[in-house]
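Reader: I'm new to this one. Can you walk me through it?
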Number of protein chains: 2
Amino acid sequence: MTKTTYVYDFAKGNRDMKDLLGGKGANLAEMTNLGLPVPPGFTITTEACRQYLAEGTEPDGLAEEVDAHLAALERTMGRALGDAGDPLLVSVRSGAAFSMPGMMETVLNVGLTDSSVAGLAASTGNERFAWDSYRRLIQMFGKTVCGVPGEAFDRALDDAEREHGAAQETALDAAALRALVTTFKKIFKDHTGQDFPQDPREQLRLAIHAVFDSWNAERAILYRRQERIPADLGTAVNVVAMVFGNLGDDSGTGVAFTRDPGTGQRGIYGDYLQNAQGEDVVAGIRNTVPLQDLERIDRGSYDELMRAMSTLEDHYKDLCDIEFTVERGKLWMLQTRVGKRTAAAAFVIATQLVDEGVIDLDEALCRVTGKQLAQLMFPNFGAGGSDRPVARGVAASPGAAVGKVVFSAERAVELAGEGEDVILVRRETNPDDLPGMIAARGVLTSRGGKTSHAAVVARGMGKTCVCGADALEVDVRRGQFTVDGRVVREGDVVSIDGATGDIYLGAVPVEPSPVVQYFEGEIGPDSGVLVRAVHRILSHADSLRALGVRTNADTGPDAARARRFGAQGVGLCRTEHMFLGERRALVERLILAQDEAGRKAALEELLPLQRDDFVEILREMDGLPVTVRLIDPPLHEFLPDLEKLAVSVAVAEATGKEPGRDGELLAAVHRMHEQNPMLGLRGVRLGLVVPGLFDMQVRAVAEAARLLKRDGGDPRPEIMVPLVGTVQELEIVRAAAEKTIAEVDPGVDVSIGTMIELPRAAMTAGQIATAAEFFSFGTNDLTQLTWGFSRDDVEGSFFPRYLEHGIFGVSPFESIDPDGVGRLVRIAAEEGRKARPDLHLGVCGEHGGDPESVHFFASVPLDYVSCSPFRVPVARLEAGRAAVGTTTPSASGSDSR
Amino acid sequence: MTKTTYVYDFAKGNRDMKDLLGGKGANLAEMTNLGLPVPPGFTITTEACRQYLAEGTEPDGLAEEVDAHLAALERTMGRALGDAGDPLLVSVRSGAAFSMPGMMETVLNVGLTDSSVAGLAASTGNERFAWDSYRRLIQMFGKTVCGVPGEAFDRALDDAEREHGAAQETALDAAALRALVTTFKKIFKDHTGQDFPQDPREQLRLAIHAVFDSWNAERAILYRRQERIPADLGTAVNVVAMVFGNLGDDSGTGVAFTRDPGTGQRGIYGDYLQNAQGEDVVAGIRNTVPLQDLERIDRGSYDELMRAMSTLEDHYKDLCDIEFTVERGKLWMLQTRVGKRTAAAAFVIATQLVDEGVIDLDEALCRVTGKQLAQLMFPNFGAGGSDRPVARGVAASPGAAVGKVVFSAERAVELAGEGEDVILVRRETNPDDLPGMIAARGVLTSRGGKTSHAAVVARGMGKTCVCGADALEVDVRRGQFTVDGRVVREGDVVSIDGATGDIYLGAVPVEPSPVVQYFEGEIGPDSGVLVRAVHRILSHADSLRALGVRTNADTGPDAARARRFGAQGVGLCRTEHMFLGERRALVERLILAQDEAGRKAALEELLPLQRDDFVEILREMDGLPVTVRLIDPPLHEFLPDLEKLAVSVAVAEATGKEPGRDGELLAAVHRMHEQNPMLGLRGVRLGLVVPGLFDMQVRAVAEAARLLKRDGGDPRPEIMVPLVGTVQELEIVRAAAEKTIAEVDPGVDVSIGTMIELPRAAMTAGQIATAAEFFSFGTNDLTQLTWGFSRDDVEGSFFPRYLEHGIFGVSPFESIDPDGVGRLVRIAAEEGRKARPDLHLGVCGEHGGDPESVHFFASVPLDYVSCSPFRVPVARLEAGRAAVGTTTPSASGSDSR
């Protein structure tokens with residue numbers, strides 16, 4: 001048996017070893033091997049962490065390996081860890097295979113002790129620096145390694161500042177810091193019962209354990225659940241020689257990007273802060289200078305950094321971001337990775353790299369995502385967005401919304417009813433706020449994160465939402481919020497940016513998306529660098545993809561827009577949407593008809609209306625398939641609300657009035673009332689129970705096709721029977737439909753298929769396929785039934801809790817659940833095709849426009865997805881990405897802007 | 001290639017050839033080969049029928065084969081078909097592999113023509129008989145073969161009777177019948193445009209075609225759909241030499257049973273009608289005499305019949321029923337089959353045959369069914385049932401019900417509320433009648449068959465129902481029905497027998513079932529022949545079965561009764577049932593609690609109540625497992641009805657009153673209102689959202705177990721988590737439950753498992769099994785979600801239509817749907833066991849007590865089924881039957897009594 005190696009010198013690793021060395025360790029190794037100036041160090045593997053966590057103690061041999069590598073490090077540096085004369089200090093940093101920003105621990109300055117602090121002062125010639133470094137170690141070590149409450153240290157620091165009349169800690173001098181060290185050591189002892197460890201190797205050992213343990217910190221567990229990161233990976237630990245950017249004006253620290261992560265433009269981007277450490281940059285205590293200024297400050301380091309950046313981009317073939325430190329004129333590279341970027345930058349950079357000959361178009365396609373494309377399709381605040389936001393919250397659901405502030409759902413509904421745009425502002429939302437959320441242009445809350453009720457529900461609705469803006473003090477009772485000293489009252493206008501979380505007072509002009517303007521044909525594909533990039537990548541996606549993209553459209557204009565957006569037909573035309581508005585009265589008549597004659601009369605009036613609808617849609621989609629779904633929802637959806645009607649009748653009776661027609665209606669609504677309409681008389685059941693209903697619809701489709709054909713058109717209608725659970729239902733409806741079509745015009749060609757939206761339909765797909773020319777997976781209902789919850793009823797009530805618990809990574813209504821719903825889809829596709837090899841397979845649930853789901857459907861494979869018009873380009877892009885083998889829809893650095 | 005044989009002489013077939021020769025043909029062949037006096041004939045195979053139906057013409061060679069067999073038949077009989085001097089006549093009868101009584105066609109007297117009628121008159125010496133036979137042929141042939149409307153003949157017959165002053169057709173003399181033949185031939189020609197065929201072979205050919213065609217008659221198609229008989233089997237055709245029981249007093253016809261099909265008693269049972277044909281017996285024109293009288297009338301035929309019966313019973317080893325005819329002193333056996341019998345007779349005969357050494361106990365077990373046992377467990381009218389019923393309807397849902405007649409659902413609810421037993425009488429029922437059906441003891445309708453709304457819903461409720469009693473003239477508006485000249489008004493008492501369809505005026509005393517008295521231990525296993533038989537067969541079933549039988553019980557008395565009935569534990573204890581009655585107020589407080597403290601207080605009051613419930617049940621099931629399901633339904637089920645509350649608040653406001661607490665309640669109910677509560681916040685979701693709820697229940701279980709253990713008991717509680725869709729839910733609840741149990745008493749052993757009732761749970765059973773010690777399939781919810789309909793909402797609304805259409809053979813809530821729901825069960829069982837080999841598997845849906853479903857579950861195999869206490873013996877019996885390899889729950893002749 002070969003001995004497991006638990007520790008790797010940076011020179012021994014590379015960027016492909018992320019699973020073992022973590023992302024940070026692998027990239028440090030890669031930079032080391034590229035010859036870049038990385039402070040020496042080594043990485044303890046995730047395997048060591050896993051063993052430690054499983055057994056509760058260090059694995060055998062780890063201590064010896066750490067000792068050996070430390071000895072090598074000391075030789076390289078020519079200094080010994082915690083040496084009293086000229087101490088080597090190290091940082092101990094976590095680094096897992098997946099980025100978990102801020103979730104795990106870091107300990108800096110390990111090696112400082114009562115004796116080595118003097119050596120540090122001597123070797124750096126900076127006593128204040130040495131004592132400041134020591135008090136930082138005690139503080140960080142105390143909190144992280146020994147669980148001392150942070151406030152104890154914070155209070156002592158505040159006391160010291162007050163005592164010395166210092167505005168902030170930088171004003172404390174060496175003597176004050178030395179005294180603070182004494183206080184901190186006392187705090188440490190008070191809380192741990194032990195002295196602060198004076199053995200540098202003991203410090204190192206304990207710091208490593210603390211990083212291991214932080215893998216299982218509560219916040220890390222939650223984060224992993226939410227991000228679907230497996231719980232058993234463990235973290236690597238990087239032990240790196242400390243370098244200091246705060247040793248004087250010849251030192252400093254900075255971040256750099258090889259291209260502009262905001263726009264993708266080439267050039268030098270970054271910030272630099274003289275005489276400072278990374279923490280100071282984060283704390284924002286002093287203002288940084290643009291990276292270009294480093295050329296003036298320290299030409300040598302600047303040139304070396306430029307060379308390093310060029311090396312990294314050539315090597316990684318992508319935008320890199322870099323953290324670096326200059327210690328007394330010497331550049332040190334502390335970290336690099338493929339850099340995050342905005343959606344626009346992702347497209348621009350990908351095509352730039354193609355033009356530069358660095359990558360090909362296939363690779364460019366892998367570098368962008370449908371999610372990014374979707375972001376680019378929202379209107380935005382454009383130039384107006386350069387106004388200074390008054391606050392920033394969590395970017396919970398994208399879009400740009402402007403409107404008058406309201407503080408209750410009732411007011412939102414009222415004002416929206418008067419035609420006003422409103423923004424609903426709440427501390428947090430609950431299910432009572434739903435009507436208000438529907439009525440509002442956007443939702444703004446002061447509490448809660450990405451999984452809060454407001455966030456989850458708004459995303460579900462496609463409504464702009466900024467939440468958790470804790471700078472806002474919302475006082476619902478007084479109808480106002482205060483922010484930054486200003487009071488905002490009901491009726492005042494605010495603007496919120498759901499993509500950035502920015503909140504503005506007043507109306508910020510909303511600009512249309514140039515990408516949408518291009519899709520609409522309002523501007524050409526050469527209109528600017530972004531549109532050009534989108535056009536190019538999307539065209540490439542179209543040339544590659546096997547998966548067709550259709551649209552869900554119920555009207556001519558929707559169908560036309562979707563066609564402009566690239567839809568290859570209509571995958572779902574919901575005929576019940578044609579029963580709304582003024583036609584409602586007809587449907588009411590149909591339902592309340594006392595006899596055959598009354599029903600027939602109502603159906604006869606509906607027939608020409610439906611036929612005209614179909615003519616319009618089929619004309620817009622001439623030459624492309626249009627799948628018409630026969631009426632699906634329960635009839636009583638077209639009837640008045642039971643509760644309101646009951647109240648009206650009861651009040652009329654109580655006050656001695658005649659309830660009149662309402663009384664009759666109430667009886668009908670009672671008769672048709674269902675406890676669970678989703679599980680009631682609807683879809684094909686309704687068609688089999690209400691004579692003439694399906695027949696009228698089929699006739700309308702056939703007549704529309706006949707009219708268009710007569711005019712030289714090429715209508716291609718398909719009839720889809722909803723909610724089929726057993727082949728017999730389909731056989732009966734099919735036989736009747738074929739008869740009707742033949743009556744209208746035997747020359748009209750209409751294929752007949754079914755939705756697969758009941759688990760039973762999936763389980764018996766082999767039987768059903770014998771009577772269906774196509775299947776369209778209705779993944780909304782299928783998800784609903786497979787999980788046993790309805791989107792309307794539960795998304796607000798328990799999804800937030802479930803997301804928190806990590807039971808869902810994402811709502812199964814948003815992204816297809818591959819293990820449950822997806823497995824049913826696979827079974828049905830396979831068994832359906834086996835029974836009928838030419839069976840055409842598509843999906844018409846909302847999942848058809850979801851990037852992750854598109855990849856799933858491509859893998860089944862289905863023949864097409866169908867989605868709302870605005871999602872068509874997203875689906876086209878992801879279908880292309882699936883074709884080049886990108887297995888997940890996330891691209892490098894794609895998850896923020 | 002060997003030529004297919006399409007025609008079999010009776011001597012060439014046997015009883016195992018039912019698929020090819022049909023049941024009737026196979027049994028005629030069997031009797032022929034036993035040497036019994038069967039009129040000579042031959043059978044045309046189902047294969048010939050299938051070919052004829054597929055191709056629309058007779059298969060090649062069939063005509064020649066028929067000719068050859070006819071020639072042989074003529075030789076045997078010494079007469080030629082339709083011979084003018086002494087004609088051979090034949091009957092042409094359908095006979096499929098499955099009994100389809102009355103569904104297909106028969107033509108008698110084929111071979112009679114204008115010339116052979118005289119020959120028949122001469123050879124029989126009975127001119128009236130000859131002409132009567134001829135007019136019957138024209139009538140039957142016209143209707144069946146040529147589609148002449150029956151009324152045309154009926155009218156002509158009526159006219160003739162009137163003209164001759166004859167009370168009925170038997171009073172018409174030869175001359176009158178001769179004239180009638182002329183009229184009938186004219187009718188035939190008027191309707192068909194052709195003369196009645198005078199070529200006997202042409203008659204035969206057309207009659208055979210007509211029988212073939214009758215396979216696809218509408219009523220036959222419907223019948224097959226309902227009975228789940230495959231549509232492509234086809235029928236065989238039996239061509240048999242006619243024998244006549246109506247040639248004088250030395251002739252006659254009768255039916256005989258080898259044992260009493262009512263009680264199973266040994267002896268001679270049957271009826272005989274002198275000088276008559278089978279049709280006359282059916283028509284009931286004259287009274288039959290007991291079979292014993294034949295001994296006196298015709299000793300020779302009687303003795304031969306006794307010998308034949310004995311031969312048949314010895315041969316078939318079961319009760320046989322027989323149709324026979326005596327033609328001028330010569331006995332002819334026309335048909336035999338294993339005879340239908342009552343449920344009681346089935347048990348008695350099966351054990352008698354064991355005692356007689358004819359069959360063994362395994363075979364006896366195959367001869368009885370759970371359905372029969374269930375029938376024996378209903379109370380019945382016993383001796384009182386010998387009163388003459390005033391009418392008989394369709395036996396739609398078993399049981400015996402006595403009560404006051406009401407004609408509307410409202411009155412039913414009202415009177416039942418006053419403690420009266422009521423019988424709801426309607427022409428037919430619709431969903432509006434549901435509350436009345438629930439309130440009534442029984443339901444009686446004058447229209448509709450076994451698949452009518454009343455029948456389907458009543459069976460679903462287990463409510464006694466007689467429907468389609470068309471002798472009743474129901475006048476709902478006047479609140480009365482008339483029957484047999486008598487008027488029955490609201491408040492009058494009637495008695496209905498759901499097992500026979502009998503309707504009695506006045507109260508018939510209801511007798512308890514002796515079988516139930518035996519199960520209850522009120523009488524011993526030796527109490528009469530029936531109880532003895534049940535005891536013996538059920539004991540044998542217990543000794544064989546691998547499938548355990550538990551019960552669904554929520555109270556101590558239910559658990560105790562089920563244990564007496566043989567339950568081996570509780571498979572489902574529904575804790576929410578413990579939240580009803582006076583505890584409702586507590587639950588309301590829990591739901592409406594404004595804060596943590598209020599909720600806690602409510603939970604603390606509930607804890608001891610639940611604990612006491614569990615103590616009681618666990619004590620009754622000491623030593624046996626008790627599966628406790630944590631609360632499942634949505635909380636708002638415990639709140640007042642939204643509509644009523646809204647009306648009350650609105651009326652209060654409209655009339656200037658204070659709505660008070662109702663207003664507050666209404667807001668809460670609104671907040672919790674769900675469109676589809678079945679798909680809402682319930683089960684494990686509720687447990688994860690309402691802090692402390694599950695914990696209280698788990699604590700109550702653990703404390704109950706601790707108490708019983710302390711008293712020396714052996715409590716074996718299991719905790720079952722409902723509505724789990726993903727393993728994470730179960731992991732979280734499980735971890736919390738284990739902690740709570742350990743807090744109460746680490747020595748208490750409680751296994752933790754889950755319901756599999758969401759399709760997703762079935763699809764991911766392999767994952768869920770890692771956190772579950774057992775699965776219990778909740779097939780009610782699983783059926784609901786797999787099919788996408790809720791029992792409450794749809795059973796009355798479209799099930800009747802679906803049963804009519806043959807889409808269901810039986811409601812999937814009654815019998816498990818093997819292809820959809822059953823397939824999910826199989827997948828989950830297999831993958832669950834793969835992940836955890838010692839996983840315990842059961843089912844707790846209502847299917848657990850359904851015979852057909854028990855066989856399915858045994859085949860998976862599951863470890864146990866759980867059902868209501870009264871179904872426990874049924875499940876025991878069927879589990880035993882499954883163990884001996886009886887694949888379907890129907891036994892010979894089991895489907896009527």
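Reader: Let's start with charges. How many salt bridges does the structure hold over all chains?
Author: The count is 109 over all chains. Keep in mind that this is a predicted model.
Reader: Pick one. Which residue does Arg447(A) form a salt bridge with?
Author: Its partner is Glu428(A). The closest N and O atoms are 3.4 Å apart.
Reader: What does that pair tie together?
Author: Arg447(A) sits in the loop between β15 (442–445) and α18 (453–461) of chain A, and Glu428(A) in the loop between β14 (422–426) and α17 (434–439) of chain A, so the bridge ties together parts that are 19 residues apart in sequence.
Reader: How does Arg447(A) count by its relative accessibility? And Glu428(A)?
Author: Arg447(A) counts as partly exposed, at 39%. Glu428(A) is partly exposed too, at 45%.
Reader: Next, what do the side chains of Asp714(A) and Arg716(A) meet in?
Author: They meet in a salt bridge, 2.9 Å from N to O. Asp714(A) is partly exposed, with a relative accessible area of 32%. Arg716(A) is partly exposed as well, at 41%.
Reader: Over to chain B. What is the N to O distance between Glu313(B) and Arg259(B)?
Author: The distance is 2.6 Å, in a salt bridge between the two side chains. Glu313(B) belongs to helix α12 (residues 299–316) of chain B and Arg259(B) to strand β6 (residues 252–259) of chain B, so this pair ties together parts that are 54 residues apart in sequence.
Reader: Are Glu313(B) and Arg259(B) buried or exposed?
Author: Glu313(B) is buried, and so is Arg259(B). In chain A, salt bridges with shared partners join Arg259(A), Arg266(A), Glu313(A) and Glu356(A) into one network.
Reader: New topic. How many strands close into the barrel in chain B?
Author: Eight strands do, in the order β22-β23-β24-β25-β26-β27-β28-β29, with parallel pairing. Neighbouring strands of this sheet are turned by 30 degrees against each other on average, direction ignored.
Reader: Zoom in. Over how many bridges do β24 and β25 of chain B pair?
Author: Five bridges, in the parallel sense. β24 covers residues 625–629 and β25 covers residues 716–721. Pro625(B) stands opposite Arg716(B) in β25(B).
Reader: Which strands does helix α34 of chain B lie across?
Author: Helix α34 (residues 818–835) lies across β26 (751–756), β27 (774–777) and β28 (840–843) of chain B. The helix runs at about 180 degrees to β27(B).
Reader: Any holes inside? How many cavities of 30 Å³ or more does the search find?
Author: Two in the whole structure. The second largest has a volume of about 30 Å³. Residues from chains A and B line this second largest cavity, including Arg682(A), Asp781(A), Leu679(A), Leu679(B) and Gly788(B).
Reader: Back to chain A. How many helices and strands are there?
Author: Chain A has 36 helices and 29 strands. Its C-alpha atoms fill a box of roughly 105 × 65 × 55 Å, taken along the principal axes. Of the 897 residues in chain A, 56% are buried.
Reader: Which residues of helix α22 in chain A are buried?
Author: Leu586(A), Val587(A), Glu588(A), Leu590(A), Ile591(A) and Leu592(A) are buried there. What covers the buried residues of α22(A) includes α23 (596–620), α25 (661–672) and α27 (693–710) of chain A.
Reader: And the hairpin of β20(A) and β21(A)? How many residues lie between the strands?
Author: Four, and Gly501(A) in this hairpin takes a positive phi near 85 degrees. The two strands run antiparallel, joined by three bridges. Val494(A) stands opposite Leu505(A) in β21(A).
Reader: Any odd backbone spots? What is the peptide bond from Val860(A) to Pro861(A)?
Author: That bond is cis, with omega near -5 degrees. The bond from Val860(B) to Pro861(B) is cis as well, with omega near -10 degrees. Pro861(B) lies in the loop between α35 (851–859) and β29 (864–867) of chain B.
Reader: Why point those out?
Author: Most peptide bonds are trans, and most residues other than glycine have a negative phi.
Reader: So what is phi of Asn109(B)?
Author: Phi there is near 65 degrees, a positive value in a residue other than glycine. Asn109(B) lies in strand β4 (residues 106–110) of chain B. At 3% relative accessibility, Asn109(B) counts as buried.

Terms used:
Residues are numbered from 1 along each chain as its sequence is written. Chains are lettered from A and ligands numbered from 1 in the order in which they are written. This is a predicted model: local features need pLDDT of at least 70, side-chain atom pairs count only at pLDDT 80 or more; totals for chains, interfaces and linings use all residues. Side-chain values use heavy atoms; hydrogens and water are left out. A salt bridge is a side-chain nitrogen of Lys or Arg within 4 Å of a carboxyl oxygen of Asp or Glu. Buried means under 20% relative accessible area, exposed over 50%, partly exposed in between (1.4 Å probe, protein chains only). Two strands pair if DSSP finds at least two bridges between them. Axes are lines fitted to C-alpha atoms, for helices over the stretch in contact, and angles run from 0 to 180 degrees between N-to-C directions. Contact means heavy atoms within 4.5 Å. On a 1 Å grid over the protein atoms alone, a cavity is a set of points where a 1.4 Å probe fits but cannot get out, and a pocket is an open set with protein on both sides within 12 Å along at least five of seven lines; lining residues have an atom within 4 Å of a point. Grid points are joined across faces, edges and corners, and a volume is the space filled by probe spheres set on the points.
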